[in-house]
Amino acid sequence: MKRTIIIILSLIFSLSACREYIDIEIDEKEKVLVLNGFINTDSTVRINLAQSLGVLESNNNFKFVSDAQVDLYEDGQMIESLQYDSLGFYSGTSRPEAGKNYEIRASAGSFEMISSNAFIPRPVPVKEVNSDFTLDSVVEQWWNPQTQQYFDTTFVRMSEEGTIEVKFDDPPDEKNYYFLTFNCLMPIYKWQDGYEVRIGEQMVSLSYDINTLSYENYLYMRNFSGYVISDDFFNGQTYALTARIYSWAFSEYAYGSYNALPLSPIYVNLHSVSEEFFDFVISYSKYDETAYNPFAEPVNVLSNVENGYGFFTGYSTLTDSIGFN
Amino acid sequence: MSKKCVFLVLLAFTAFFAEAQKVTVSGYVEDAESGERLPGAGVYNPDNPLQGTVTNNYGFFSITLPQEDLSLTVSFVGYAPQKIDFDLKKDTLLTIRLQAGTELEEVLVEGENQVKSSQMSEVSIPIKSILKMPVLLGETDVLKAVQLLPGVQSGTEGTGGFYVRGGSSDQNLILLDGVPVYNVNHLFGFFSVFNGYAINDVSLIKGGFPARYGGRLSSVLDIRMKEGNMKKIRGEASSGIIASKISVEGPIIKDKTSFIVSGRRTYLDLLAAPIMRLVSSASYGTSLNAGYFFYDINAKVNHRFSQRDRLYLSVYAGKDKAYVKAHDEYGSDSYNSDFDLHWGNLTSALRWNHIFNSKLFGNLTFTYSDYRFVTAVSDEWEYNSGQGVEKQEWAVEYLSGIEDLAIKIDMDYSPLPSHNIKFGASGIYHVFKPGVSAFRYNDNYENMSVDTTFGSGNLYAQEFAVYAEDDFRIGKRFKFNIGGHFSGFSVRDTMYYSVQPRLSGRFLISDKISLKASYVQMTQYLHFLTNSTIGLPTDLWLPATDRISPQHSEQYAAGLAFSLKNDLNLTLEGFYKEMQNLIEYQEGASFFSDPESGGAAGESWEDKIEIGRGWSYGGEFMLQKKYGQFNGWLAYTLSWTERQFENIAFGERFPFRYDRRHDISVSLSYEFNDKVDMGITWVYGTGNAVTLATQRYMPVNELANYTEQLQDPYGYDYYYYETVEYYGTRNNYRLPAYHRLDVGINFTKEKTFGYRTWSIAVYNAYNRKNPFFVDFRGDFLGNYNEDNRQLVKYSLFPIIPSVSYTYKLK
């Protein structure tokens with residue numbers, strides 16, 4: 001219906017409307033530093049610094065910041081300065097701990113110093129993982145350009161959608177937020193002499209759905225996509241989340257290839273995240289929904305960086321896995 | 001109670017009835033030619049200005065005078081005054097018929113009324129002036145005339161939305177013959193639902209609301225329909241660029257029963273039909289039928305049972321409809337697709353006027369209104385599966401609306417010339433339909449069938465109100481209207497009550513100048529959910545609930561009224577208004593949100609709104625000449641309007657979208673002679689406040705995708721990424737100022753049976769490209785270039801000439 005109304009309005013426009021470029025006194029603000037970073041208990045700290053862009057500036061002007069002084073604080077005490085590696089990333093040697101607060105303070109050139117805090121919530125163990133998949137063997141003929149012949153190869157695939165049930169005990173008397181991701185290993189191929197050669201494998205995120213949650217709760221990131229969940233309705237209880245995994249999503253990445261690779265396990269990651277993380281995902285979804293509707297009031301994506309923009313947060317993770325024979 | 005109190009009460013009673021040796025003259029004032037009652041006519045003793053009154057909305061007056069010989073003058077604008085001599089011995093009931101005639105003397109009465117009345121912040125526009133104003137596409141529009149008044153901000157260009165003293169559009173009580181109209185828009189607000197031919201009188205109250213009005217915070221727009229000619233059949237018809245309208249009125253039983261029927265319909269769909277056929281014939285196997293139209297019908301019957309009893313039945317029905325029907329054939333397969341979007345109002349009122357005695361007039365009204373918005377989409381596919389013809393079909397329908405059933409009793413009691421008391425009560429049964437969707441799916445081949453409904457269930461609420469007000473004079477200089485409005489609202493086992501004091505007064509500095517002041521509290525039990533800047537039919541009316549309190553406002557106003565020479569009236573007013581419990585969608589939530597995400601179509605709309613406050617203050621100036629060869633007005637408003645919501649714009653106060661520092665409107669009309677008249681309208685307004693980004697940056701998720709791609713082992717050399725815009729606070733920019741000149745000229749000629757008029761008008765005469773909206777991205781259909789960003793302004797209406805033809809029977 002949205003589209004129809006917009007089509008009707010477009011029709012009105014096409015009859016009479018005109019467009020022109022105009023000069024409105026745009027309050028061109030000074031550029032500021034943009035800090036982005038997800039830190040977690042499984043890896044050392046790594047954050048990214050870039051510059052903001054003016055509203056009329058081209059995307060081509062996008063710049064990372066490589067000469068910044070970036071200091072990391074743990075519970076108010078400075079513990080190290082992060083070192084620049086590449087593409088705006090600054091890395092440290094510290095591994096964040098759950099239950100602690102981390103702060104980044106960064107300054108570069110004439111930019112105003114920025115700072116942001118992230119609290120690492122304590123991880124919540126996955127109590128139980130149950131899956132319901134039907135796997136089929138499929139024999140297909142593939143063409144081998146080297147031998148110039150077809151050959152039979154056997155694939156193992158999910159025959160239809162599967163489900164994964166993830167159970168955990170939500171800690172009582174506190175507000176908890178979760179981010180659930182499923183990963184599997186994807187072979188990486190490269191074309192060589194007209195032939196696909198496997199050069200390694202990488203971890204990717206699996207798309208999934210949860211019936212009780214809307215897309216507003218979904219965050220898409222390469223290798224880190226999933227739904228955010230608050231414990232509003234199950235505080236202090238054992239909760240079972242049922243995720244629907246699509247066969248196409250899993251097959252695309254993880255089926256055994258004609259190189260007869262074993263089917264990748266599915267890694268179930270229950271991340272304990274902050275309320276800010278939850279709010280960030282919701283605000284981004286809302287931003288995305290209204291960004292192209294000129295008749296709707298726009299939405300700010302949550303930013304938690306003082307004197308700058310961006311989002312810095314932390315999480316802790318406990319992982320389980322589902323293996324396939 | 002102390003003895004002192006008892007004494008004071010007795011003293012008051014004694015004073016009240018001290019003038020008991022008097023008689024009362026009461027009755028109706030009506031048009032001698034048509035028999036239509038004349039509200040607002042003056043009835044006064046020319047020898048004693050303190051002895052006078054004004055007819056009420058039904059043309060009734062009551063005046064109590066000493067038992068003596070005296071004369072009363074009855075006058076009304078556009079009519080010859082009538083002087084009646086009395087030798088008063090007993091109460092007298094009269095029907096006074098005025099002949100249309102010279103205007104000058106009545107004009108003076110009108111001007112004096114404005115100065116002498118205790119009512120402030122009220123503006124009325126003669127319907128004759130509205131019909132002569134140059135308008136968009138030749139369609140007369142009451143709401144667009146209202147937008148030109150001081151203290152009224154217009155909405156998005158071309159639409160009829162109006163915002164009074166910083167209020168929202170839902171805070172206007174728009175009454176058609178006393179029945180609230182919920183959706184006043186045709187074609188997304190570009191035209192209003194009110195047909196000028198059916199209207200008798202329009203008045204707007206912006207503050208100092210008398211106790212008889214309630215239920216909305218910001219204004220009362222009282223639109224009264226014509227009653228129908230009691231003497232002879234009259235009619236008029238006109239045809240313009242997009243619509244034609246017709247009106248017929250006359251007696252069913254002469255001097256006893258009359259009727260009026262007016263209708264209007266657009267014909268964009270009829271004009272587009274040949275194009276549709278052409279499109280269909282050009283594409284083999286496809287037929288397409290699409291269109292849009294609106295219509296409205298006003299009808300009214302009134303019957304006089306006696307001089308004391310009269311019955312009215314009035315009905316309005318209007319509808320907008322957009323539709324697309326497509327049929328495709330591929331070999332033996334066929335595919336049908338239907339889309340239907342329609343919305344409309346039905347309002348009806350059955351009213352009984354009764355004169356109980358010479359001092360007491362009563363009015364009992366039953367009303368029913370129904371606003372509904374329906375959208376339906378369906379697909380049907382017939383195909384040959386090899387085992388026979390199979391059929392697969394699905395349909396989705398969405399319905400929302402509001403339905404009211406109400407009863408109201410209003411009494412006018414005039415015990416003394418210095419007191420006019422009004423009291424009454426009302427009850428409304430509301431049915432809110434926040435949105436129900438129906439889904440149907442049938443598949444012969446798969447043998448599947450689904451038929452289900454989901455969405456928000458109906459909400460039922462009861463609203464009642466009782467009121468009393470006394471419009472009284474103390475001496476020659478002071479006049480007050482003091483009253484109270486007590487109302488209640490019951491919903492979901494929750495009961496809300498509200499006591500709203502209404503005070504207004506005037507101090508007569510001289511016969512031509514008065515000082516006025518008022519203080520009112522208003523409560524509104526209805527909320528309106530919208531996040532669009534145009535009048536979409538998807539905007540929802542919702543009740544206060546156990547979780548969302550009613551809206552409430554307090555308004556202070558003070559001003560001066562001057563009656564100048566040559567029928568010129570000048571008013572200067574200042575106001576301060578505070579509003580509580582305003583609602584707004586949470587950031588990003590909208591009607592179009594997925595039901596599960598709690599958009600209005602979902603079950604939890606109450607979770608998706610913010611509750612906040614509003615402030616508005618400013619000053620208004622109006623110089624008006626209502627009648628005569630040269631008439632019109634000049635209005636200027638200086639105002640500030642702000643809103644504050646805890647989770648919007650970081651909880652800070654931000655300017656309301658229609659916060660306009662300056663609003664100027666000039667509307668002038670000049671009659672060269674009986675054959676030619678001309679109208680000019682010029683408006684200027686500070687640009688609307690809009691939310692635009694101040695900077696952009698790459699958010700953490702896009703950054704991850706971007707840097708991953710930069711390191712992608714596949715070695716792609718194109719990196720697609722998006723930045724997000726940072727807006728800061730809401731409504732942080734001002735669009736360029738809005739201004740526009742409209743010019744119209746009417747040529748009238750007498751014909752054998754009536755008068756024909758050619759009306760030529762030019763909307764936006766100097767082709768000002770006023771901003772409809774602005775966008776950084778590119779064009780309206782979403783094509784944009786992130787590498788070459790520019791701020792683009794979209795204008796809707798360039799210079800638009802129009803012509804219309806009207807024929808009016810003699």
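Two residues are said to be in contact when heavy atoms of theirs lie within 4.5 Å of each other. In this predicted model, that definition gives B:F194 a long list of partners even when its neighbours within four places in sequence are left aside: B:T140, B:V142 and B:L143, then B:I174, B:L176, B:V181 and B:V184, and finally B:I199, B:I223 and B:R264.

B:F194 is also a good place from which to enter the interior of chain B. The largest nonpolar core has 76 residues, and B:F194 stands with B:F162, B:L221 and B:I223 as the members that touch the most others in it. Among the elements that feed this core, helix α4 of chain B, residues 142-146, gives the most, with four residues. Apart from this core lies another one, of 37 residues, which includes A:L219, A:F280, A:I282 and A:Y315.

With that second core the account turns to chain A. The chain has 325 residues, of which 51% count as buried, and its secondary structure comes to three helices and 21 strands. Among the contacts in chain A between residues at least 6 apart in sequence, 66% join residues that are at least 24 apart.

One of the sheets of chain A is open and has four strands, in the order β10-β13-β19-β16, with antiparallel pairing. Its edges are formed by β10 (126-132) and β16 (208-209), and because each of these has a single partner strand, one side of each is left without a neighbour in the sheet. The partner of β10(A) is strand β13 of chain A, residues 162-169, and the two pair in the antiparallel sense over six bridges; within this pairing, A:S131 stands opposite A:I164. Strands of a sheet pair in general through backbone hydrogen bonds, whether parallel or antiparallel.

Chain B offers a sheet with another kind of pairing. Three of its strands form an open sheet in the order β4-β1-β7, and here the pairing is mixed. The edge strands are β4 (60-66) and β7 (92-98) of chain B, each of which pairs on one side only, and the twist from one strand to the next averages 30°. Strand β1 of chain B, residues 22-31, runs antiparallel to β4(B) and is joined to it by seven bridges, with B:V25 having B:I63 as its bridge partner in β4(B).

Farther along chain B, a run of antiparallel pairings can be followed from strand to strand. Strand β38, residues 662-671, is joined to β39(B) by nine bridges, and a hairpin connects these two strands through four residues; B:V666 stands opposite B:W682 in β39(B). Strand β39 of chain B, residues 676-685, pairs in turn with strand β44, residues 738-750, over ten bridges in the antiparallel sense. Two positions help to trace the register of this pairing, since B:M678 stands opposite B:I745 and B:V683 stands opposite B:R740. From β44(B) the path continues to strand β45 of chain B, residues 754-763, through an antiparallel pairing of eight bridges, in which B:V743 has B:V762 as its bridge partner. These two strands form a hairpin with three residues between them.

The empty spaces in the model bring several of these elements together again. The structure holds twelve cavities of 30 Å³ or more, and the second largest of them has a volume of about 550 Å³. It is lined by 42 residues, and the closest to its centre are B:Q147, B:S154, B:V683, B:Y738 and B:R740, so that the facing residues B:V683 and B:R740 are met here once more. The elements that give two or more residues to this lining are α4, β9 (152-154), β36 (630-645), β38, β39, β44 and β46 (771-775) of chain B, with β39(B) supplying the largest share, four residues.

What remains is an open space, the second largest pocket, which holds about 1400 Å³. It is lined by 41 residues, and those nearest its centre, A:E216, A:F278, A:I282, A:K286 and B:K608, come from chain A and chain B. Among them, A:I282 has already been named as a member of the core of 37 residues. Both β18 (226-230) and α3 (275-290) of chain A supply at least two residues of the lining, and α3(A) provides the largest share, six residues.

Notes:
Residues numbered from 1 in each chain as written. Chains lettered and ligands numbered in written order. Predicted model: local features only at pLDDT ≥ 70, side-chain atom pairs only at ≥ 80, totals over all residues. Heavy atoms only, no water. Core = buried A, V, L, I, M, F, W, Y, C linked by side-chain atoms within 4.5 Å. Buried < 20%, exposed > 50% of the residue type's maximum accessible area, 1.4 Å probe, protein only. Pairing = 2+ DSSP bridges. Axes fitted to C-alpha atoms, helices over the stretch in contact; angles between N-to-C directions. 1 Å grid on protein atoms, 1.4 Å probe; cavity = no way out; pocket = protein on both sides within 12 Å on 5 of 7 lines; lining within 4 Å. Points joined across faces, edges and corners; volume = space filled by probe spheres on them.
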